[in-house]
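Please open the model in your viewer and display the side chains. The tour below proceeds by selection, with a short account of what is to be found at each stop.

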Amino acid sequence: MKKLLITALLATSVAAPTAHAADTACEHPGYTVTGGTLNWGIKESWRSYIKGTIAHGDWKTTDNISPQGDPVAADFKFGFPVDPARTKLAVDSAGNLQGAVVETEPNGIAFQGHGGSLASTFLSPYVRVAGTKAMGGTGYVGYYVPNKGMTDYKPGDRIPENRVEGKDTFANGDLSNWKVTDAGNDRVNITFASQGLSIAPQPGTKSEKIGEEWHTSIEGVDIVFLGIYTTDYKPEFDDFQVSLEATKTCLDAADAAALTAELQAESLPSEYATPRHEKSYLSEDLQEIFTSLNPGLDLESGIPGSNGPKPNVAPKPSTTPEPSTTPEPDSKGEWKDIRKGWSTFLAVIGAISAFAILASLLKDVITPFLPKFNSPFPLPR
């Protein structure tokens with residue numbers, strides 16, 4: 001589980017440019033992002049399952065996401081608008097990418113299926129690069145009940161006591177196709193992508209068979225796929241493509257080193273995971289997006305502090321989910337079943353006795369009126 005840092009993203013130290021690189025050679029080059037797009041289909045098999053004949057589901061997005069292509073095709077992409085203020089790049093003296101975080105403007109995708117049993121909300125998906133490693137992730141809100149399968153959830157399960165929230169990466173791959181193209185006047189166009197993106201499950205996410213039953217534990221961001229994908233089952237994810245507009249800058253040695261260290265760290269200051277029934281740390285924009293995509297679900301109900309200021313102490317990271325154990329037998333329930341069975345037996349016996357008595361009475365009443373006849377066969381006496 002990634003260590004959650006205290007500092008909010010907007011308060012993170014940003015390496016400030018000291019001079020433009022156009023006039024003189026720059027020992028520590030940098031880029032200030034001004035715009036761009038993250039194109040990412042997330043996972044083809046997930047999209048196909050949602051839209052398919054089993055889940056009979058669909059998804060809806062905020063208006064600032066641009067869908068590209070057939071929703072169930074391999075080359076389908078969601079086009080997410082990049083947030084320049086929170087997107088950072090670190091390069092070495094030769095201009096090679098060393099680290100990056102590409103954040104997107106507030107947006108969301110709400111997936112649903114199985115008549116509402118399946119429900120998953122992605123909030124502002126983002127990507128990272130650390131050295132040659134590429135990662136894909138998202139902010140999220142989900143509802144988790146230990147040992148419940150994806151199709152077993154009911155509307156009544158989506159209550160504050162079961163609510164989880166956070167932001168984290170869920171897939172890793174390799175950096176690919178880093179390219180910087182000069183656009184004149186210290187402006188550049190930057191592109192890069194991931195290659196071989198596949199699932200990177202949280203340590204506490206596991207599924208095991210105990211007796212004849214499957215028991216599932218889900219940790220952190222893995223709730224977005226309800227724990228169904230593993231390193232052994234459909235681990236592949238769609239690769240992402242990033243396209244950025246930026247201006248060239250020149251950093252001093254200390255700022256360049258700090259930026260690289262920040263972006264190559266195991267986790268970002270903005271990444272976190274809350275356990276069930278923790279208060280919300282979503283921004284107001286993301287709170288509004290979640291409720292607009294999920295009518296009837298209220299982030300604030302039963303969760304104190306949703307609209308309050310960010311805490312001075314960061315929320316605790318999610319702990320290992322509750323162990324998957326077989327429930328203890330309910331002795332009261334067993335006795336209740338025995339009493340119910342005995343009562344049913346007595347009722348059946350009583351009904352049979354009543355029918356026999358009624359038949360005897362009817363025989364005595366109607367026998368005198370029946371015609372008499374001589375049987376050719378001897379009758380029993």
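Begin by selecting Cys26, which is buried at a relative accessible area of 17%; buried means under 20% relative accessible area, exposed over 50%, and partly exposed in between (1.4 Å probe, protein chains only). The model is predicted, so local features need pLDDT of at least 70 and side-chain atom pairs count only at pLDDT 80 or more, while totals for chains, interfaces and linings use all residues. Residues are numbered from 1 along each chain as its sequence is written, and side-chain values use heavy atoms, with hydrogens and water left out.

**The disulfide**

Next, add Cys250 to the selection. A disulfide (a pair of cysteine sulfur atoms within 2.5 Å) joins Cys26 to Cys250, with 2.0 Å from S to S. Cys26 belongs to the segment before β1 (29–40) and Cys250 to strand β14 (residues 241–250), so the link ties together parts that are 224 residues apart in sequence. Helices (H or I, at least four residues) and strands (E, at least two) are DSSP runs, numbered from the N terminus. The link is right-handed, with 100 degrees about the S-S bond. Cys250 is buried too, at 13% relative accessibility. The structure holds 1 disulfide.

**Salt bridges**

The structure holds 10 salt bridges, a salt bridge being a side-chain nitrogen of Lys or Arg within 4 Å of a carboxyl oxygen of Asp or Glu. Select Arg47 and Asp238, whose closest N and O atoms are 2.8 Å apart in one such bridge. Arg47 lies in helix α1 (residues 44–51) and Asp238 in the loop between β13 (213–217) and β14, so this pair ties together parts that are 191 residues apart in sequence. Both Arg47 and Asp238 are buried.

Move to Lys51 and Asp58, which form a salt bridge with their closest N and O atoms 2.7 Å apart. Lys51 is partly exposed at a relative accessible area of 35%, and Asp58 is partly exposed at 32%.

Then select Glu165 and Arg163: their side chains meet in a salt bridge at 2.3 Å, N to O. Glu165 is buried, with a relative accessible area of 0%, and Arg163 is buried at 1%. Now display Asp83, Arg86, Glu103 and Lys167, which are joined into one network by salt bridges that share partners.

**Positive phi values**

Most residues other than glycine have a negative phi. Select Ser124 in strand β8 (residues 118–130); its phi is positive, at about 50 degrees, although Ser124 is not a glycine. Ser124 is buried, with a relative accessible area of 7%. Continue to Asn177 in strand β10 (residues 163–184), where phi is near 60 degrees, again a positive value in a residue other than glycine. Is Asn177 buried or exposed? Asn177 is exposed, with a relative accessible area of 59%.

**A contact across the sequence**

Select Ala261, in helix α2 (residues 253–264), together with Gly99. The two are 162 residues apart in sequence and 8.4 Å apart in space, C-alpha to C-alpha. Ala261 is partly exposed, with a relative accessible area of 48%.

**Last stop**

Finally, select Asp70 in the loop between β3 (66–68) and β4 (77–81). At 43% relative accessibility, Asp70 is partly exposed.
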